[in-house]
Amino acid sequence: MPLMEIADATLHYDEYGDGDEIVLSSAMAFDPDAYPACLAAPPTGYHVYTIQARGYGRSSHPDEPPAQGWLDQWADDVCAFADRLGADRFIYTGISHGGGIGWHVAARRPERLKALISVVGTPHDRAGGTASSAGRRRMIENRRSPEVIAEQLRIMYGHTDDPARRAAREEQIARRVEHYLAQPDRETLINQGKPFPDARTDDELAEVLRGIRVPVLILAAMRDGVISPESALRAARSVPGAKAVLFEDEGHFIGTESPERLVREVRVFVDELNGVAEPLAATGASTGAGA
């Protein structure tokens with residue numbers, strides 16, 4: 001059970017691989033067979049650390065919510081973890097609320113990031129206020145109702161016309177409901193709110209995003225019931241130099257359903273950053289052939 005002591009907390013983490021590229025990710029929990037742990041295997045072969053966020057599982061549980069807000073606290077925890085590793089710069093990748101952590105690292109400590117890879121984690125639309133997303137609020141209010149939790153998870157997964165995929169999702173939903181009901185209230189009541197809560201409108205949020213100055217890869221799912229396509233496109237249009245890949249046929253749980261699709265895009269992006277991307281094959285247009 002690896003634990004990392006930082007200034008005022010203990011963080012549980014898991015370590016995968018031993019490559020030269022250090023990748024950190026933080027969230028309430030991780031599936032060890034899914035993204036981002038699979039970035040440690042070929043063809044990427046990165047050195048990956050998944051950090052259980054303060055307030056969850058085997059990490060420290062504060063008596064009160066952090067005065068600076070959960071997302072800022074978790075972002076600072078990631079940097080403190082990197083300090084203990086001796087990693088001055090690192091790639092951060094996060095899914096959903098873990099993506100929100102990454103956006104706060106990018107805004108608060110851009111010098112620490114080689115890149116941010118946001119997976120279904122772009123900052124939410126401002127509709128409904130910034131204190132909570134509608135989905136998080138519904139999960140908290142109905143945290144002991146298996147029917148409502150299952151319904152909300154189906155919204156998060158998004159629609160599919162594939163019967164086999166739909167059946168597999170129902171099995172996953174049943175397991176997720178069971179896990180959620182087993183969590184103590186001190187965990188299920190955590191509400192991190194939307195990233196950058198001081199930005200009250202979508203235009204104000206776009207202005208915040210225009211201030212991000214790190215390489216950013218946005219991996220978004222168009223059938224996501226949590227992070228809207230508009231959210232992903234807003235970030236893609238606003239962050240200078242951002243790259244976005246939009247999967248029409250995926251939902252909010254792409255990290256467990258289709259991690260290999262994410263890994264392929266991450267590899268291309270990181271290879272481009274490192275200047276080792278494979279050159280494009282010669283085409284008829286470039287050789288003058290085929291006229």
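A residue is called exposed when its relative accessible area is over 50%, and buried when that value is under 20%. With these words in hand, one helix and several loop positions of this predicted model can be described.

**Helix α3**

Helix α3 spans residues 134–141, and its buried residues are R136, M139 and I140. Looking down the axis of α3, one finds these buried residues within an arc of 100 degrees, so they line one face of the helix. A134 and E141, on the other side of α3, are exposed. The cover over the buried residues of α3 includes three further helices, namely α4 (146–157), α5 (163–182) and α6 (185–188).

**The loop between β3 and β4**

Between β3 (22–27) and β4 (47–52) runs a loop in which P36 is found, and P43 is likewise located in the loop between β3 and β4. Each of these prolines takes part in a cis peptide bond, as the table sets out.

| Residues joined | Peptide bond | Omega |
|---|---|---|
| Y35 and P36 | cis | about 10 degrees |
| P42 and P43 | cis | about 10 degrees |

**Positive phi values**

V120, which is found in the loop between β6 (113–119) and α3, has a phi near 35 degrees, a positive value in a residue other than glycine. V120 has a relative accessible area of 2%, and because the cut-off for a buried residue is under 20%, it counts as buried. F196, in the loop between α6 and α7 (202–210), also is a residue other than glycine with a positive phi, here near 55 degrees. The relative accessibility of F196 is 10%, so F196 counts as buried.

Definitions and conventions
Residues are numbered from 1 along each chain as its sequence is written. This is a predicted model: local features need pLDDT of at least 70, side-chain atom pairs count only at pLDDT 80 or more; totals for chains, interfaces and linings use all residues. Side-chain values use heavy atoms; hydrogens and water are left out. Buried means under 20% relative accessible area, exposed over 50%, partly exposed in between (1.4 Å probe, protein chains only). Helices (H or I, at least four residues) and strands (E, at least two) are DSSP runs, numbered from the N terminus. The arc is that of the directions from the helix axis to the C-beta atoms. Contact means heavy atoms within 4.5 Å.
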